[in-house]
Amino acid sequence: MALAQIFIEDLRVDAILGVYDHERVTPQRVLVNLVLWVDIRHAAVSDALVDAVDYDKLTQQVTAWVQASRCQLVERLVSELADLVLRQHTAVSQVKVRVDKPDALPQTRTVGIALTRSRAELTKTSEK
């Protein structure tokens with residue numbers, strides 16, 4: 001089975017994210033990038049949104065979750081976002097989540113973390 005990649009690039013969200021005092025009180029811009037591996041054959045034939053990943057709904061879910069998350073570490077944020085996508089969108093067999101903090105270090109363009117997680121890994125982490 002060939003899987004298609006659905007991608008969402010540079011979703012801008014203002015969020016509390018970080019360990020320093022100023023990061024705990026002032027929301028900062030983060031960029032969320034997602035790559036979803038999905039079997040699109042059924043949606044391609046039916047041409048119906050009900051058979052596809054609704055990326056408008058997905059970006060709304062991700063935005064709301066990141067805004068409410070209050071994570072200290074980007075490591076936790078990318079891990080929980082991967083789980084969220086896999087739990088909420090059962091057609092997704094694998095997801096890559098990348099979160100950038102472009103304003104974190106003045107001497108860099110951006111810093112961040114990328115994580116790839118499969119549905120099988122979600123099942124393993126849920127059983128612990």
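Two strands count as paired if DSSP finds at least two bridges between them, and E2 and E3 clear that bar, pairing in the antiparallel sense over 8 bridges. What you're looking at is a predicted model, a protein chain with 5 helices and 4 strands. Going along the sequence, the pattern reads β-α-β-α-α-α-β-β-α.

**The sheet**

- The 4 strands make an open, antiparallel sheet, ordered E1-E2-E3-E4.
- E1 and strand E4 (111-118) sit at the edges, each pairing on one side only.
- From one strand to the next, the twist averages 15°.
- As a general reminder, strands of a sheet pair through backbone hydrogen bonds, in either a parallel or an antiparallel way.

**Strand by strand**

- E1 pairs with strand E2 (residues 28-38) over 10 bridges, in the antiparallel sense.
- Within that pairing, Arg12 stands opposite Leu31 in E2.
- Leu31 also has a bridge partner in E3, namely Asp100.
- E3 and E4 are antiparallel too, with 8 bridges between them.
- Val99 is found opposite Ile113 in E4.

**Helices against the sheet**

- Helix H3 (residues 55-69) packs on the sheet and touches E1 and E2. Its direction makes about 35° with that of E1.
- Helix H4 (residues 74-88) lies across E2, strand E3 (92-101) and E4. Relative to E3, H4 runs at about 150°.

**A nonpolar patch on the surface**

- Val19, Tyr20 and Leu73 come together as a nonpolar surface patch, and their accessible area adds up to about 310 Å².
- Val19 belongs to the loop between strand E1 (4-15) and helix H1 (21-25).
- Why can Val19 be part of a patch? Its relative accessible area is 43%, and patch residues need over 30%, so Val19 clears that cut-off. With that value, Val19 counts as partly exposed.

**The chain as a whole**

- Taken along the principal axes, the C-alpha atoms fill a box of roughly 50 × 35 × 25 Å.
- Of the chain's 128 residues, 39% count as buried.
- The accessible surface comes to about 7900 Å², and carbon and sulfur atoms own 51% of that.
- Looking at contacts with a separation of 6 or more, 61% come from residues 24 or more positions apart.

Definitions and conventions
Residues numbered from 1 in each chain as written. Predicted model: local features only at pLDDT ≥ 70, side-chain atom pairs only at ≥ 80, totals over all residues. Heavy atoms only, no water. Patch = residues over 30% accessible without salt bridge, like charges linked within 9 Å, V, L, I, M, F, W, Y side chains within 5 Å. Areas by Shrake-Rupley, 256 points an atom, 1.4 Å probe, with all protein chains shown as cover. Salt bridge = Lys/Arg side-chain N within 4 Å of Asp/Glu carboxyl O. Helix = DSSP H or I, 4+ residues; strand = E, 2+ residues; numbered from the N terminus. Buried < 20%, exposed > 50% of the residue type's maximum accessible area, 1.4 Å probe, protein only. Axes fitted to C-alpha atoms, helices over the stretch in contact; angles between N-to-C directions. Contact = heavy atoms within 4.5 Å.
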